[in-house]
Amino acid sequence: MNVPNHVAIILDGNGRWAKSKGMPRNYGHVQGAKNVEIICEEAYKMGIKYLTVYAFSTENWNRPDDEVEALMKLLRNYLKTCVKTANKNKMRVRIIGDKTRLDQDLQDSIKELEEMSAKNDGLNFTVALNYGSQDEMLRAMNSIKNDIASGKIENQEITKELFESYLDTAELPDPDLLIRTSGEERLSNFLLWQLAYSEFYFADVHWPDFSKEELEKAVEAFNSRNRRFGKTDEQLSK
């Protein structure tokens, strides 16, 4: 079976999963965080080299204050756990998104985790946190503008390669496969540039119920698509 090199996942449905069980939304977020660890391990065993998950969007700040506060508390605990997981599984962890809005202790924990895991040669695991693709592209364009003004780069035509070097994902290959759980079929401002030629798979299960078997279904669906060198026949014919 042809395993995608890079899989991106929109982790959707934690709150609805909890509600279906008569539990508060925050319970769903806790169980969803636990499932991230399970899927990281299963993805690596399957041969997937890069896994990127959408954990907290720029729009998520608009949720009720108590839910945002609970998510930040969960993030603090998760980052501590992730240090142990990364060491155990030789996993390299990156955090993408605008980290400046996060509390300083979270920024410090993220920096420590990234530096500690930088030389690990296992799964390349990326978490999109306070991330929005439109925000990412605007930040990239403003950085290019500022670097031109300061003379850091020449005032030249902006190429695809130059623009991509300023994106949060500059060190990562584009995803081959995007998975979204919970039956929703939209991108929700996630990796809009990077997903230009990715295959999409929409799973009808909520994220806490997304299992090894569901991941295998997504990879099987990916294999059913006619792709050569990362492109479809239609793209190759152009």
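**Exercise 1. Strand pairing around β4**

Task: In this predicted model, work out which way strands β2 and β4 run relative to each other, parallel or antiparallel, and how many bridges join them. Then do the pairing of β3 with β4.

Solution:
- Step 1. Start with β2, which covers residues 50-57: 7 bridges join this strand to β4, and the two run parallel.
- Step 2. To anchor that register, pick one pair: T52 stands opposite T126 in β4.
- Step 3. Now turn to β3. This strand pairs with β4 over 5 bridges, in the parallel sense.
- Step 4. A handy marker here is V93, whose bridge partner in β4 is F125.
- Step 5. Finally, look at the burial of β4 itself: 8 of its 8 residues are buried, so the strand is largely enclosed by the rest of the structure.

**Exercise 2. The crossover and its helix**

Task: Find the hand of the β-α-β unit made by β3, α4 and β4, and compare the reach of α4 with the expected value.

Solution:
- Step 1. Follow the chain from β3 through α4 to β4: the unit is left-handed.
- Step 2. Helix α4 spans residues 104-117, which is 14 residues.
- Step 3. From first C-alpha to last, α4 reaches 20 Å, close to the 20 Å expected at 1.5 Å a residue.

**Exercise 3. Two sides of α4**

Task: Which residues of α4 are buried, and which are exposed on the other side?

Solution:
- Step 1. Use the cut-offs: buried is under 20% relative accessible area and exposed is over 50%.
- Step 2. The buried residues of α4 are L106, I110, L113 and S117.
- Step 3. These residues cover an arc of only 65° around the axis, which puts them on the same side of α4.
- Step 4. On the other side of the helix, K111, E112 and E115 are exposed.
- Step 5. Next, ask what lies over the buried residues: the cover includes α3 (65-89), β3 (92-96) and β4 (124-131).

**Exercise 4. Two polar residues in α4**

Task: Describe the surroundings of S117 and of Q107, and list backbone atoms that their side chains reach.

Solution:
- Step 1. S117 sits in helix α4 and, at 0% relative accessibility, counts as buried.
- Step 2. Setting aside neighbours within four places in sequence, S117 is in contact with A86, M91, R92 and V93.
- Step 3. For V93 there is a polar detail as well: the side chain of S117 reaches the backbone nitrogen of V93 at 3.0 Å.
- Step 4. Q107 is also placed in α4, but its 24% relative accessibility makes it partly exposed.
- Step 5. Again leaving aside neighbours within four places, Q107 is in contact with K99, T100 and L102.
- Step 6. Its side chain reaches the backbone oxygen of L102 at 2.8 Å, and a polar atom of that side chain lies 3.5 Å from the backbone oxygen of T100.

**Exercise 5. Helix α3 and what follows**

Task: What span should α3 have at 1.5 Å a residue, what covers its buried residues, and which residue with a positive phi follows this helix?

Solution:
- Step 1. With 25 residues, α3 should span 36 Å, and its end C-alpha atoms are 35 Å apart, which agrees.
- Step 2. The buried residues of α3 include E67, V68, L71, Y78, C82 and A86.
- Step 3. Among the elements covering them are α2 (25-46), β2, β3, α4 and β4.
- Step 4. After α3 comes K90, with a positive phi near 55°.

**Exercise 6. Loop residues**

Task: Locate S182, L191 and D176, and note a backbone or side-chain feature of each.

Solution:
- Step 1. Keep the background in mind: most residues other than glycine have a negative phi.
- Step 2. S182 lies in the loop between β5 and β6 (199-202). Its phi is positive, near 80°, and the residue is buried, with a relative accessible area of 8%.
- Step 3. L191 is found in the loop between β5 and β6. Here phi is positive too, about 50°, and 1% relative accessibility makes L191 buried.
- Step 4. D176 belongs to the loop between α6 (160-165) and β5 (177-180). At 17% relative accessibility D176 counts as buried, and its side chain reaches the backbone nitrogen of N5 at 3.0 Å.

How values were computed:
Residues are numbered from 1 along each chain as its sequence is written. This is a predicted model: local features need pLDDT of at least 70, side-chain atom pairs count only at pLDDT 80 or more; totals for chains, interfaces and linings use all residues. Side-chain values use heavy atoms; hydrogens and water are left out. Helices (H or I, at least four residues) and strands (E, at least two) are DSSP runs, numbered from the N terminus. The expected span of a helix is 1.5 Å times one less than its number of residues. Buried means under 20% relative accessible area, exposed over 50%, partly exposed in between (1.4 Å probe, protein chains only). The arc is that of the directions from the helix axis to the C-beta atoms. Contact means heavy atoms within 4.5 Å. Two strands pair if DSSP finds at least two bridges between them. A crossover is right-handed if, with the strands pointing away from the viewer, the path from the first strand over the helix to the second runs clockwise. A polar contact is a pair of N or O atoms within 3.5 Å; within protein, one must be able to donate a hydrogen and the other to accept it, and residues adjacent in sequence count only if both atoms are side-chain atoms.
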